[in-house]
Amino acid sequence: MTTTDTADSIATPGPGAWIRSESGFPGSDHARLFYRCWQPRDTRRSAAAPPLRVLVFLHSDHAHSGHLLPVVEPLLGLQDWAFAWDARGHGHSPGARDGAADVAGLVQDFHCFTRHLRQTHNLSTEDMLIVAHGVGAVIAATWIHDHAPRLRGVVMAAAAFQSKGFARFTAPARQRAGTARRIVANASAIEAPVLMLTADKDQVVRQAPQAQFFDRLGSRQKRFLVLQNGTHAVFHDQGRPLEDVLQTCRQFIDRCYGHPIPPADHHLDADQNSRSATQFRDLQRNTPGSVWARAVHTLQRHLLHRFGPLSDGLRIGLAQGFDSGASLEYVYRHEASGRLGIGKLIDRIYLDTLVWRGVRLRQQHLQRVLSDLIAVHPANLPLRILDVAAGGGRHVLETAKRFQDRPMQITLRDAVPANLDAARQLAASLALQHTIDYQCRDALALSPDSDSAGEPLCDIVVVSGLYELCSDNAPVLASLRAIQGQLRPGGHLVYTGQPWQPQWQAIARILIDHRGEPWQMRLRPQAELDALVSGIHCRKTQSLIGPGGLFTVSVARHEPPPAKPVAGS
């Protein structure tokens, strides 16, 4: 395995077992960010060699990769790779330090970094282990939670989930606190091995949120170590604490690479055996939350039915379900209306709630990935798009409007005829020149054997807002297997998820779904959803994360295994 040096990546041999180099990568906004690389001098590997080990280091706030130099090589084996970045606004990476406070932006930068390492250095995420300190640990935890990479493990030192003293009132600390609360609350979605190092004399961050995060982790292999007489500068303490840290980290790293990563299909029974399944069963029994919270929700439900009909959006939700195609179409239009003056104000508050802001951004993300996929398809070849739960078809049809010069065949399916009628009206208003077929079918009742017979294979299949409604994995798997028979090899599946919803209890007790039942959701972690998709030989290539991690939009490429040769041929 070799690395191609470029003009700004000239390898300078150093003493020891590694070739040290410096380079850069394009961040989330294409700004070029800095990183350091340690490449083992001897990269020759035999088939019986142990797993490749790639350590990726994340520094804390007010630091940069140079501060990690004393730590990197002591943790490396002779054939290990290592990388350390300068986060945006730190070290040699451009950007104002205040601009670097956006955790979501830093997580996207880090996602770009790991993608760059995979592509440029021919490395796999499954070979990576993260070593992160302070704010870097929050970035690592958020990336693992939201993007669900399959990786070896993570060392989290003095994770800055909550600051101490006056520091917690600074803009970066306040911004970080919201993300930290989400990740701590939903830590069960993280299953990678975790070593947490916390110092008993840390005057910068609180220990309690670190302990809560550890207790809620879904990891089967995890360890929480309190460093006696240690400070926040975990990797820079002199004397015995640092020696203990390095030895503990080396042992943890060896264990992580000593065992294989569990196969993705172990997620398939998560609808029965997981924390999200337990939460869902409790929700069905109406047991989560305090007596006071349940009383407040009961009052809110009464007020909704009393005054909700004054708002046009709430009236549609009460009549057809808040998850219905009609409700979503109203939310997408984002035009407040109602009766008696007060109704319009209520409607504006309703449309601006966090969940509907997230739904609108999910649509933008959907249209963005669809546009990108259409743009790279050969312009002279016809493109076939299938949306299996189209609703009003807005995200596909509005995107197709920007590609009127491309030969395109669009199939919109939905189980509700009124939704298809709305799609026809939208297509007519857009004056689309593409061939559009409207099919009234239930995407959760499709048969892999019959429903694709005789139909041409699709280049893009979209399934949006559907699997979030299914707590059981069986109907999701059935739907995906039907999709597998309709997606050409090399084609792409675009799918959405809802791994997090802070108001899930209130929604279940106050709102109704399209069946007129309480809108109860099992929040399916991204790793579980990706595992279901990988079951039909679709490999995830991209994920876009909505505000607060509410919704995700992912793209997976269909890569079926080669057909087995026929015996005797």
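Me: Is Cys 37 buried or exposed?
Reply: Cys 37 is buried, with a relative accessible area of 2%. Buried means under 20% relative accessible area, exposed means over 50%, and partly exposed is in between, using a 1.4 Å probe and protein chains only.

Me: What should I know about the model itself?
Reply: It's a predicted model, where local features need pLDDT of at least 70, side-chain atom pairs count only at pLDDT 80 or more, and totals for chains, interfaces and linings use all residues. Residues are numbered from 1 along each chain as its sequence is written, and side-chain values use heavy atoms, with hydrogens and water left out.

Me: OK, back to cysteines. How many disulfides are there in the whole structure?
Reply: A search of the whole structure turns up 0 disulfides. The test is a pair of cysteine sulfur atoms within 2.5 Å. For Cys 37, the nearest cysteine sulfur belongs to Cys 112 and is 18 Å away.

Me: And which cysteine sulfur is nearest to Cys 249?
Reply: That of Cys 256, which is 10 Å away, and Cys 249 is in no disulfide. Cys 249 is buried, at a relative accessible area of 1%.

Me: Switching to strands. Why is S14 called largely enclosed?
Reply: Because 9 of the 11 residues of strand S14 (residues 487-497) are buried, it is largely enclosed by the rest of the structure. Strands here are DSSP runs of E with at least two residues, helices are runs of H or I with at least four, and both are numbered from the N terminus.

Me: Which strands does S14 pair with?
Reply: Strand S13 (residues 458-463) pairs with S14 in the parallel sense over 5 bridges, and strand S16 (residues 552-558) pairs with S14 in the antiparallel sense over 6 bridges. Two strands pair if DSSP finds at least two bridges between them.

Me: Which residues could I click on to see that?
Reply: For the S13 side, look at Val 463, whose bridge partner in S14 is Tyr 495. For the S16 side, take His 492, whose bridge partner in S16 is Arg 557.

Me: What do S13 and S14 make together with helix H15?
Reply: A right-handed β-α-β unit, with H15 covering residues 473-484. Right-handed means that, with the strands pointing away from the viewer, the path from the first strand over the helix to the second runs clockwise.

Me: Now charges. How many salt bridges does the structure hold?
Reply: The structure holds 24 salt bridges. Each is a side-chain nitrogen of Lys or Arg within 4 Å of a carboxyl oxygen of Asp or Glu.

Me: Can you walk me through a few?
Reply: Sure, start with Arg 36 and Glu 22, whose side chains meet at 3.3 Å, N to O. This pair links distant parts of the chain, with Arg 36 in strand S3 (residues 32-40) and Glu 22 in strand S2 (residues 18-26), 14 residues apart. Arg 36 counts as buried at 13% relative accessibility, while Glu 22 is partly exposed at 42%.
Reply: Another one joins Asp 254 and Arg 53, at 3.0 Å, N to O. Asp 254 lies in helix H6 (residues 240-258) and Arg 53 in the loop between S3 and strand S4 (54-58), so the pair ties together parts that are 201 residues apart in sequence.

Me: Are those two buried or partly exposed?
Reply: Asp 254 is partly exposed, with a relative accessible area of 44%, and Arg 53 counts as buried at 17%.

Me: What does Arg 348 form a salt bridge with?
Reply: With Asp 352, and the closest N and O atoms are 3.2 Å apart. Arg 348 is partly exposed at 29%, and Asp 352 is partly exposed at 31%. Elsewhere, salt bridges that share partners join Asp 29, Arg 88 and Asp 109 into one network.

Me: Which residues form a nonpolar patch on the surface?
Reply: Leu 340, Ile 342, Leu 345 and Ile 349 do, with about 430 Å² of accessible area together. Areas come from the Shrake-Rupley method with a 1.4 Å probe, and for residues only the protein chains shown count as cover. Patch members have over 30% relative accessible area and no salt bridge; nonpolar side chains (Val, Leu, Ile, Met, Phe, Trp, Tyr) are joined within 5 Å, like charges within 9 Å.

Me: Where is Ile 349 found?
Reply: In helix H11 (residues 342-351), and Ile 349 is exposed, with a relative accessible area of 55%.
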